[in-house]
Amino acid sequence: MAAAIEVRSVTKTYDGLTAVDRISFSLPRGSTMGLIGPNGAGKTSLLRIIATLSIADRGDVLIDGLSVRTQTRQVRRRLGFMPAEFGCPRGLTIAEYLEYFASLYDLTVDEQRQRIRDVCELTELAGREATFVSSLSTGNRQRLLLAKTLLHDPEVLILDEPASGLDPRARTELKSIIRTLAGLGKAILISSHILPDIEDVSDSIGIMEAGRLVRQGSLAELQLSAGGGQQRVRLRVGSGQAESAVAVLRGVAEVVECHLVDGELRVLVSGPDSSCVLEALLRSRIRIQLFAENTGNLEEIFMQSTAGMVT
């Protein structure tokens, strides 16, 4: 698929400190990428460059093939940026807030009204248009900020900490909205510290530290990379068959190690595919009661990939 976002060796420095260091990646349409890293890793600096709010010292970003450096106006028509901070003039209702931002786009009055109806429906703000923004809960403020971001129906979404301050129910609802938007073909780049949410919604994940992209790929690819290209498997087999299973598996070419620990087999397999373990045991008529790949979750991979450095 064609890349909706293509980051090309982007570098950004502030007063001699490198906030973004030669980062490159691409994101196709209809997919979601999670960007994670410790505070000070450079995530927000990178998002601001992609969103045309900051200029890179070196490198470029293409949005649907358009340069953020030289084609800024065209890029902004295709891109929606949801910042981490929420700002709103006093005394505005939800409807007035959205009407203000809708008026900034090249839309007719009828189109503005339809877009406001559409984004309120998507973010479940419909029926609350007369509510004052100042009275909204944190969750509904985040919904409103996302609704504002979607008013011009952008093809590319940049979301900086969209779940910040949300309770579990609101986070679940936000994840559902993100999946819906990706299903509509939008490319979505999300920065967040809430790793389980990133794990749930992301097709690919980038881990940043000290301005660099230290790891990038799908969760399965990161798991394999963190394991040095090997997978660990836990097995429990039928009564009296453990010793036979060990002997069988030690004869499998892809099996690096196989040990019996507390009645379970602990197997280390080279490569991403552990199906060879199952196939060998089934051929030998060994009953399998438990088969579990110990791949590690995103938090474990994050801790292994970073050392707490900041720019």
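Colleague: Which side chain of opposite charge is nearest to Lys-148, a buried residue without a salt bridge?

Modeller: The model is predicted: local features need pLDDT of at least 70, side-chain atom pairs count only at pLDDT 80 or more, and totals for chains, interfaces and linings use all residues. Residues are numbered from 1 along each chain as its sequence is written, and side-chain values use heavy atoms, leaving out hydrogens and water. Lys-148 is buried (under 20% relative accessible area, against over 50% for exposed and in between for partly exposed; 1.4 Å probe, protein chains only) and has no salt bridge (a side-chain nitrogen of Lys or Arg within 4 Å of a carboxyl oxygen of Asp or Glu). With Lys and Arg counted as positive, Asp and Glu as negative, and His and the chain ends not counted, the nearest opposite charge is 12 Å away, on Asp-160.

Colleague: Leaving aside neighbours within four places in sequence, which residues is Lys-148 in contact with?

Modeller: Lys-148 is found in helix H5, residues 138-149; helices (H or I, at least four residues) and strands (E, at least two) are DSSP runs numbered from the N terminus. Contact means heavy atoms within 4.5 Å. With the sequence neighbours set aside, the partners are Phe-81, Pro-83, Tyr-97, Leu-98 and Phe-101.

Colleague: How many of the eight residues of helix H1 are buried?

Modeller: H1 covers residues 43-50 and is mostly covered. Lys-43, Ser-45, Leu-46, Leu-47, Ile-49 and Ile-50 are buried. The count is six.

Colleague: Which residue just after H1 takes a positive phi?

Modeller: H1 is residues 43-50. Just after H1, a phi of about 70° is taken by Thr-52.

Colleague: Which are the edge strands of the open sheet S2-S1-S4-S5?

Modeller: The sheet has four strands and antiparallel pairing, where two strands pair if DSSP finds at least two bridges between them. S4 (residues 58-63) and S5 are joined by two bridges, and Leu-66 in S5 is the bridge partner of Ile-63. An edge strand here pairs on one side only, and the two are S2 (17-28) and S5 (66-67).

Colleague: What percentage of contacts in the protein chain between residues at least 6 apart in sequence join residues at least 24 apart?

Modeller: The protein chain has eleven helices and 14 strands, and 47% of its 311 residues are buried. Its C-alpha trace spans about 75 × 45 × 35 Å along its principal axes. Among the contacts between residues at least 6 apart, the share joining residues at least 24 apart is 68%.
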